[in-house]
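Here is a walk through a two-chain model, written for someone who wants to find their way around it on screen. Have the viewer open as you read.

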Amino acid sequence: MNSSQGNEAKCLSSNIRYNAHSTVHLICVLTSDAHRIIITLGLFGINMITPTTSSITLTEKMQHILARAGLRRSRFRVRPGLYSLGNPNSKSHVFVTANYGLSFDTLRRALSNIDCYILVLDTKGINVWCAAGKGTFGTEELIHRIGEVKLKDYVARKILILPQLGASGIAAHEVERRTGFKVEYGPVRASDIPQYLQNHTTPNMRRVSFNFKDRSILIPVELTHMFLPTIILMALLYFLSGPVPALAALLVVIAGLLVFPLLIPWIPTPNFSTKGFLLGSIVAAPLFLLAFLSFPSAIWWKKLGLAVPYLLIVPSLVAFITLNYTGATPFTSKSGVKREIFAYFPIMFWMFLAGVFIGTLFRFIG
Amino acid sequence: MKSKYLETTLKYDATLCTGCGMCSTVCPHGVFDQTDGMAQLARPTACMECGACALNCTVRAISVDAGTGCATAQMIASLKGSKEPTCGSGCC
């Protein structure tokens, strides 16, 4: 947690304390960006519920696109607390979600024509599953938030519906023991909630998917992160070593970040590193040929010395990128990734180093 | 090296199971099945060690070394010397 988030917690607790004599409270929210201070003037009487709707505005749609591209993602937050959708009463459902804008919007969009409450936990602007893994979408925060919004004053039905993926941070029995609220886990995807409410839950609703669409959604974020470093690297390589190394850098990024996510299920090896080595070798082959042919006047062993580095560097770099892709997938395990790092990272490291050494050596000889 | 999917830290003690079905409900990969009012470890190799089943098991019949399956987080954690890898504030 950084200092600004600490400030936020301090600021919120000192200002949203309910006071029956005063109806005006200043809510000061310091966002994670220390330079930007959002001050919201809120009017609060007895009611601490914020009304919301299930429709998504054009501005919000723009925010979704930016968030999917990894831009301004950490600022895309909603205020933790209790929200009302439609006209809920004491028998209405209570749904729980994270305070990441996309999580909140996905939930309320799925709840059109359902009168209900939405309890938003403070997950520091992180989605439900990742926040559950970190513990911020957790038992303690849920119990704290139930008390903070005085949820018992609004509902007679003491049942909370949580997203299934929140379960890795929440101990349902512990929440019930300490608050009296029973935790029910809804489906993985918010869009299945209407069916879930009619007791039509299928096994498929309880499984995470990682189909072609799910995988392609992840590409823009990766590209945003890698765009500038790639351009700089290409420019450096172009001026230091020429056009072929610059092209190689571009192909490594395209293979690792664009092609690999789409091809994961079809690359026929069991783990990410070997998939990367295989894909990298396919990319390296034409570069090897190109490098070999671009020195027509050199002796064959010099040509070989200048071309072989591509076969060492390109697969090792693509494999390194794909190994790091494990974090963006919903099925890799902690122990599995650990084994993979120990088994394959040394190979990547030495292949890369050998490639750079041979390439540099022959450039000086040549 | 064998496929990582063949090994998992997930452990299940069937003698403790009360058959509440919570493990099957929370698992995003269908690792547990319910047969004859008892949980069965049906697909252990699909486990991603998220820890949801163990955390929601009232009788502690399940244990797993839960954590993130992210190479970046693990490499950063080992560089920093911290034992528990987590993503940074800018990550997911």
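## How far to trust it

Chain A has a mean pLDDT of 86, with 87% of its residues at 70 or more. Keep in mind that this is a predicted model. The weak stretch to know about is residues 1-46 of chain A, where pLDDT stays under 50. For that stretch the model has 43 contacts beyond four places in sequence.

## The sheet in chain A

Start with the open sheet of six strands in chain A, which has mixed pairing and the order E3-E4-E6-E5-E7-E8. At its edges stand E3(A) and E8(A) (182-185), each with a single partner strand, so one side of each has no neighbour in the sheet. On average, neighbouring strands here are turned by 30° against each other, direction ignored.

To look at one edge in detail, go to E3(A) and E4(A). These two strands pair in the parallel sense, over four bridges. A:Ile49 stands opposite A:Leu82 of E4(A). As a general point, strands of a sheet pair through backbone hydrogen bonds, either parallel or antiparallel.

## A helix tucked in

Now find helix H3(A), residues 101-110. It lies across E3, E4, E5 and E6 of chain A and runs at about 155° to E5(A). Is this helix largely enclosed or largely exposed? Seven of the 10 residues of H3(A) are buried, so the helix is largely enclosed by the rest of the structure. The buried residues of H3(A) are A:Gly101, A:Ser103, A:Phe104, A:Asp105, A:Thr106, A:Leu107 and A:Arg108. What do they pack against? Their partners in chain A are the strands E3 (49-52), E4 (81-85), E5 (93-97) and E6 (116-120), along with the helices H2 (58-68) and H4.

## Two helices crossing

Further along chain A, helix H10(A) (residues 243-263) packs on H12(A) at an angle of about 35°, and their axes are 9 Å apart. The crossing of H10(A) and H12(A) is right-handed. From H10(A), the contact uses A:Ala248, A:Val252, A:Ala255, A:Gly256, A:Leu257 and A:Phe260. H12(A) brings A:Tyr310, A:Val314, A:Leu317, A:Val318, A:Ile321 and A:Thr322 to that contact. By type, the residues of the contact between H10(A) and H12(A) split into 10 nonpolar and two polar, with no charged ones.

## Where the chains meet

Next, bring both chains into view. Chain A puts 39 residues in contact with 38 residues of chain B. Which elements of chain A give two or more residues to this side? They are the helices H4 (128-134), H6 (172-179), H12 (300-324) and H13 (334-365) of chain A. H13(A) provides the largest share, nine residues. The side of chain A that touches chain B is made up of 16 nonpolar, 16 polar and seven charged residues. Note that H12(A) turns up both here and in the crossing with H10(A).

## Chain B

Chain B holds three helices and four strands, and from the N terminus on its elements run β-α-β-β-α-β-α. Of the 92 residues in chain B, 38% are buried. Among contacts in chain B between residues at least 6 apart in sequence, 38% join residues at least 24 apart.

There is a hairpin worth a look in this chain. Strands E2(B) (residues 32-35) and E3(B) (residues 38-41) run antiparallel and are joined by four bridges. B:Gln34 has B:Ala39 of E3(B) as its bridge partner. Two residues lie between the strands of the hairpin, and B:Asp36 takes a positive phi near 55° there.

## Positive phi in loops

Two more residues, one in each chain, have a positive phi without being glycine: A:Asn199 and B:Arg60. Here is how they sit.

| Residue | Phi | Loop | Other C-beta atoms within 10 Å |
|---|---|---|---|
| A:Asn199 | about 60° | between H7 (193-197) and H8 (212-217) of chain A | 6 |
| B:Arg60 | near 55° | between H2 (52-55) and E4 (62-63) of chain B | 9 |

Are these two buried or exposed? A:Asn199 is exposed, and B:Arg60 is exposed as well.

Terms used. Residues are numbered from 1 along each chain as its sequence is written. Chains are lettered from A and ligands numbered from 1 in the order in which they are written. This is a predicted model: local features need pLDDT of at least 70, side-chain atom pairs count only at pLDDT 80 or more; totals for chains, interfaces and linings use all residues. Two strands pair if DSSP finds at least two bridges between them. A residue is buried if 20 or more other C-beta atoms lie within 10 Å of its own, exposed if 12 or fewer, and partly exposed in between; C-beta atoms are placed from the backbone. Two residues are in contact if their C-beta atoms, placed from the backbone, lie within 7 Å. Ala, Val, Leu, Ile, Met, Phe, Trp, Tyr, Cys and Pro count as nonpolar, Asp, Glu, Lys and Arg as charged, and the others, Gly among them, as polar. pLDDT is the predictor's confidence in each residue, from 0 to 100. Axes are lines fitted to C-alpha atoms, for helices over the stretch in contact, and angles run from 0 to 180 degrees between N-to-C directions. A crossing is left-handed if the near helix is turned anticlockwise from the far one by less than a right angle, and right-handed if clockwise.
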